[in-house]
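Q: I have a model open and would like to learn how to read its features. Could you walk me through them?

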Amino acid sequence: VTKFFNRYEPKNKPVVIYDSKGLEDGMHEAFLSDTLTFFEEQRSRGALSEQIHVVWYVINAACGRFAPFEERMLRDIFGKFPVLFLLNKADVASGQQLRDIEEIISSRSFGNSRGFFRIVADRKNYAQSWCPSCGGE
């Protein structure tokens with residue numbers, strides 16, 4: 001059992017979601033170790049239906065930060081899985097912030113990346129300065 005992951009299995013839905021808890025400052029190594037153990041356990045399950053098929057990697061777009069430990073995790077732990085980058089809080093990030101974080105991640109050339117998706121979980125800002133369709137200012 002891991003310290004950092006919760007399992008959600010909606011009734012009557014053919015999906016299981018594992019959600020990691022928020023990362024606390026100073027806990028990077030413990031999080032990486034726990035995540036590696038968790039993914040190795042999932043990979044060792046026999047039935048395909050019990051395994052992880054895709055990683056939704058959520059990034060707070062308003063912060064525009066992508067740390068070295070995240071690159072390490074994406075290469076060393078998630079490298080065998082397709083990864084969707086979900087840029088959360090896209091309504092409070094500027095168009096430039098969104099383009100910058102996409103470029104930073106794209107420059108790392110993750111072969112397992114399946115794209116960027118700008119999302120808003122609970123929209124509070126209705127006055128963003130960028131076009132939701134094209135990302136332009």
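A: Gladly! Let's begin with a pair of strands: E3 and strand E4 (residues 83–88) run parallel and are joined by six bridges. Strands are DSSP runs of E of at least two residues, helices are runs of H or I of at least four, and both are numbered from the N terminus. Two strands pair if DSSP finds at least two bridges between them. This is a predicted model, where local features need pLDDT of at least 70 and side-chain atom pairs pLDDT 80 or more, while totals for chains, interfaces and linings use all residues. Residues are numbered from 1 along each chain as its sequence is written, and side-chain values use heavy atoms, with hydrogens and water left out.

Q: Which residue in E4 is the bridge partner of Val-55?
A: That is Val-83.

Q: In what order do the strands form the open sheet?
A: The order is E3-E4-E5, with parallel pairing. Strand E3 (55–60) and strand E5 (113–118) are the edges, each pairing on one side only.

Q: How do I read a pocket?
A: Rolling a probe the size of a water molecule over the atoms shows where empty space is left. On a 1 Å grid over the protein atoms alone, a pocket is an open set of points where a 1.4 Å probe fits, with protein on both sides within 12 Å along at least five of seven lines; lining residues have an atom within 4 Å of a point. Here, the largest pocket holds about 1,400 Å³, a volume filled by probe spheres set on the points, which are joined across faces, edges and corners. Its lining has 44 residues, and Tyr-18, Asp-19, Ser-20, Trp-56 and Tyr-57 are the closest to its centre.

Q: And aromatic pairs?
A: A pair of aromatic rings is described by the distance of the centres and the angle of the planes. Rings of Phe, Tyr and Trp (its six-membered ring) pair if their centres lie within 6.5 Å; planes under 30 degrees apart are stacked, over 60 edge-to-face, and the rest tilted. The count here is eleven aromatic pairs. Phe-5 and Phe-31 have ring centres 6.3 Å apart and planes at 25 degrees, so this pair is stacked.
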